[in-house]
Amino acid sequence: MKALTFTLTLAAALTSIAIASTAATPAAPLDEKKPMDLGNFSVSLNVKDIKASKAFYEKLDFKVVAGKLEQNWLVLQSGNARIGLFQGMFDKNIMTFNPGWTKDKEAMKEFQDVRELQRTLKSRGLTIAPEADEKTEGPAYFKVTDPDGNTLLFDQHVPSPKR
């Protein structure tokens, strides 16, 4: 009886696998493009009191990894989360993408150059202001503003990848 139960269970399992394999999701279209690689992400916060903000984020286990308090800017990190604190440097908070950088600010060999990202976003109908100079290579930046007025900064600090 145990052998018969095992055989029936095995047959049912194999039938389920066969049915599932024929009902697999369709393959992605051949012309589907790879998503853009925007690079390392951080948020730059416009703060009123950098010392108070630093103390607050340190209570959340953020550690200072860059910047100069006497110049009113710091970069703090906790795991993969990175926050820039800037006092008196800009009007609003900014979302920043750094093409070509890892979370540890290490230069990547292969990545999408900031000018390539700019061309892609322009082709999708987004307004870029200011634009990165297309005739240059290496470090450059451009900005995009979302529908709610939030600024997205695409800021490349490293040389363009060799292709």
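Where does proline 130 lie? Proline 130 sits in the loop between H3 and S6. Keep in mind, as you explore, that this is a predicted model.

## A cis peptide bond

The loop that holds proline 130 has a feature to look for in the backbone. The peptide bond leading from alanine 129 to proline 130 is cis, and its omega is near -5°.

## The nonpolar cores

Now let's turn to the interior. The largest nonpolar core is made of eleven residues. Phenylalanine appears in it as Phe97, Phe142 and Phe154, and leucine as Leu117, Leu121 and Leu152. The other members are Val114, Ile128, Ala132, Ala140 and Val144. Helix H3 (114-123), strand S6 (140-145) and strand S7 (151-156) are the elements that give two or more residues to this core.

There is also a second, separate core, with nine residues. Among them are Leu45, Ile50, Phe62 and Leu85.

## A look around valine 144

Valine 144 is a good place to zoom in. Setting aside neighbours within four places in sequence, valine 144 is in contact with Leu121, Leu126, Thr127 and Ile128, and also with Asn150, Thr151, Leu152 and Phe154. Of these partners, Leu121, Ile128, Leu152 and Phe154 are listed in the largest nonpolar core.

## Two residues with positive phi

Asparagine 72 belongs to the loop between strand S2 (63-68) and strand S3 (73-78). Its phi is near 65°, a positive value in a residue other than glycine. Asparagine 72 counts as partly exposed because its relative accessible area is 27%, which falls between the 20% and 50% cut-offs.

Lysine 105 is in the loop between strand S5 (94-98) and H3. Lysine 105 has a positive phi too, near 60°, and its relative accessibility is 35%, so it is partly exposed.

Definitions and conventions
Residues numbered from 1 in each chain as written. Predicted model: local features only at pLDDT ≥ 70, side-chain atom pairs only at ≥ 80, totals over all residues. Heavy atoms only, no water. Core = buried A, V, L, I, M, F, W, Y, C linked by side-chain atoms within 4.5 Å. Buried < 20%, exposed > 50% of the residue type's maximum accessible area, 1.4 Å probe, protein only. Helix = DSSP H or I, 4+ residues; strand = E, 2+ residues; numbered from the N terminus. Contact = heavy atoms within 4.5 Å.
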